[in-house]
Amino acid sequence: MGLLSIIRKIKKKEKEMRILMVGLDNSGKTTIVLRINGEDTSVISPTLGFNIKTIIYNKYMLNIWDVGGQRTIRSYWRNYFEQTDGLVWVVDSSDVRRLDDCKMELDNLLKEERLSGASLLILANKQDIQGALTPAEIAKVLNLDAMDKTRHWNIVGCSAYTGEGLLEGFDWLVQDIASRIYVLD
Amino acid sequence: MEEDPSNPKAISDKTLDPVTQKKQAAMLERLSNLHQSRIQQSNSRKSDSNSSFPFESTKSYLDRFSEAKQSIQNELDRCRLVSDPESKAFLKSDLEKVSISIAELEKLVAANSYFLPSYELRSSLKTVSELKETQENLTSELLPKKKFAFKNKAAKKDQSNVVEETGIRASDSGLAERKSFQSRDSPGFRNQEGAVLVKHFGNSEEGGDFTLSDLKSCEIRVMGSLRALFIHRLCNCRVFVGPVLGSVLIEEVEGCLFMLASHQIRIHHARETDFYLRVRSRPIIEDSKAVRVAPYLLYYEGIEKDLRDSSLDEETGNWANVDDFRWLRAMQSPNWSILPETERIHTVKISNMEA
Ligand SMILES: Nc1nc2c(ncn2[C@@H]2O[C@H](COP(=O)(O)OP(=O)(O)OP(=O)(O)O)[C@@H](O)[C@H]2O)c(=O)[nH]1
Ligand SMILES: [Mg+2]
């Protein structure tokens, strides 16, 4: 076991992970966070700033930052880049018209140096809606195959309504971060 | 602030030559700053147990916030004015400390965000963002990268050029892809003028998403429940819609009347349009002008059941609680108002029949 891994281990003793959730407005970020935290999702307003949730997930403590995606507040996203271990990009798979917007914002985000080490989970949300694009279709539109080869990424279809796919997505994310940061586990 | 007896300038030795004197003064100032920041740190450590604990009082939050903001600003100003080489040696760590203080300020906002009035929250966010920007600009201004960094940068730039090139080509194919999906249209009414457009969904199981786009001078009636509704580019239309279980997303509408019941309503780029709403959460507007709101007044046969099934049978009064994302102040936004009762239309009855 290398010295570096010991240092990392000590530094991250609490097994904390910082997760940043972003995506266009209306994609379902807040609904997803509340759903995986087992909270009531019946009344959710568009997010004016951001929410932080601390969730114990397996043996890890996830600090989830859910930042509003309305156009006015997208410029604040950059405030949350520092020390991000995992990036969750949420897509409304039924909003075909704005997929261009969605692609552009994601591309911008991935250029960000401070996020270059973060694992990327793309959630193709709202799969319960008839006519929603499949994860494979979303991957094509977002051109994910052309992504920087060093990036760890995955795309998972999900529905914050039915809960389908959410655990699969977060399992992958947490495992991927853990294998990078907690070298000893 | 009171005179500090340990003020370094007061005790600098006047018999030394000017250069040494200056150096000494600078050093003493640094020491005093260090001392101050230690005191501050220990103070904040003392209150650490509740530092991330919300105050639940806007006043005490604001006091704490503005105090922290002031001290960060002072520190940034000080850094900007540093000129002697000795203090400059400390610039890097000083600026890093500022960055930590800003992160702490951000945590303070985060911990209190759930009870803060929206305008306080937004202006806090704005302040944090500005402080960060100032700090970043100062850092790149005052601490130019070492020479060897340029090499790195150049190499990286080449790399990113390559990536970008493939990125462009690939995004073209993505565009084509998207176009092909778009032609696989989701249900909706599109590209019509002067028509009456009627759609009846059987039950909430059936209703998926629905789109209204590029309509001019039309009357639209959608009965039954929907999962999601997208509205884009409508001009001079009257739109009556049954309950939407998810959200209504509206973009670019002018001179219209909408009657909508939904869990979320998001309005962008609306001009001179009246919205009769029933909504579970707070409706929001962005980049809009002359928007007026009133309560939902729609009737068709079976609407009570549809409303119940979508949990929209209860009037929450939220139709009047509009948040304007473009408006940062405590005052009422000039972009929306409540439609005076005398100008409201009466309950609208719609049916399958054409006009
Ligand atoms: N049908 C369906 N609707 C969903 C799903 N997830 C979220 N929604 C709805 O989509 C709307 C937007 O959800 P939010 O969670 O507020 O979206 P957000 O991404 O947090 O939006 P911002 O805070 O503005 O960035 C709400 O009306 C949700 O009920 C889903 O999986 N299926
Ligand atoms: Mg949200």
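**Entry 1: sheet of chain A**

I count two strands as paired if DSSP finds at least two bridges between them. The model I examined is a predicted one. I began with β2(A) and β3(A), which pair in the antiparallel sense over eight bridges. Within this pairing I found A:Asn51 opposite A:Asp66 in β3(A). I then looked at the hairpin that β2(A) and β3(A) form, and noted two residues between the strands. In that hairpin A:Asn58 adopts a positive phi near 50 degrees.

I next traced the whole sheet of chain A. It is open, has six strands with mixed pairing, and follows the order β2-β3-β1-β4-β5-β6. The edges are held by β2 (50-57) and β6 (153-157) of chain A; each has a single partner strand, so one side of each is left without a neighbour in the sheet. I recorded the turn between neighbouring strands of this sheet as 20 degrees on average, direction ignored.

For β1 (residues 16-22) and β4 (residues 86-92) of chain A, I noted a parallel run joined by four bridges. Here A:Leu20 stands opposite A:Leu87 in β4(A).

I also looked up what lies across the strands. Helix α6 (residues 166-181) of chain A lies across β1, β2, β3, β4, β5 and β6 of chain A. Its direction is at about 175 degrees to β5(A), residues 119-125.

**Entry 2: α4(B) against α6(B)**

I turned to helix packing in chain B. The axes of α4 (residues 58-81) and α6 (residues 91-112) of chain B come within 10 Å and cross at roughly 165 degrees. An angle over 145 degrees counts as roughly antiparallel, and α4(B) and α6(B) are therefore roughly antiparallel to each other. I logged the crossing of α4(B) with α6(B) as left-handed.

I listed the residues that meet. From α4(B) they include B:Tyr61, B:Phe65, B:Ala68, B:Ile72 and B:Leu76. From α6(B) they include B:Leu95, B:Val98, B:Ile102, B:Leu105 and B:Val109. By class, the contact of α4(B) with α6(B) has 13 nonpolar, two polar and four charged residues. Among the charged residues I noted B:Arg64, B:Glu75 and B:Arg78 in α4(B).

**Entry 3: α6(B) against α7(B)**

I then followed α6(B) to its contact with helix α7 (residues 118-142) of chain B. The two pack at an angle of about 170 degrees, with their axes 10 Å apart. That makes α6(B) roughly antiparallel to α7(B). The crossing of α6(B) with α7(B) is left-handed.

In this contact α6(B) contributes residues including B:Leu91, B:Ser99, B:Ile102 and B:Glu106. The residues they meet in α7(B) include B:Leu121, B:Val128, B:Leu131, B:Lys132 and B:Leu138. I recorded 11 nonpolar, four polar and two charged residues by class for the contact of α6(B) with α7(B).

**Entry 4: confidence**

I checked the scores last. The model has an ipTM of 0.89 and a pTM of 0.73. Chain B averages a pLDDT of 79, and 70% of its residues score at least 70. In chain B, confidence is lowest in helix α1 (residues 8-11), with a mean of 39. It is highest in strand β7 (residues 257-279) of chain B, at 98.

I marked two stretches of chain B. Over residues 1-14 pLDDT stays under 50, and the model has eight contacts there beyond four places in sequence. Over residues 45-53 pLDDT again stays under 50, with three contacts beyond four places in sequence. Where pLDDT is low, the predicted coordinates should not be read in detail.

How values were computed: Residues are numbered from 1 along each chain as its sequence is written. Chains are lettered from A and ligands numbered from 1 in the order in which they are written. This is a predicted model: local features need pLDDT of at least 70, side-chain atom pairs count only at pLDDT 80 or more; totals for chains, interfaces and linings use all residues. Side-chain values use heavy atoms; hydrogens and water are left out. Axes are lines fitted to C-alpha atoms, for helices over the stretch in contact, and angles run from 0 to 180 degrees between N-to-C directions. Contact means heavy atoms within 4.5 Å. Angles under 35 degrees count as roughly parallel, over 145 as roughly antiparallel, 65 to 115 as roughly perpendicular and the rest as oblique. A crossing is left-handed if the near helix is turned anticlockwise from the far one by less than a right angle, and right-handed if clockwise. pLDDT is the predictor's confidence in each residue, from 0 to 100.
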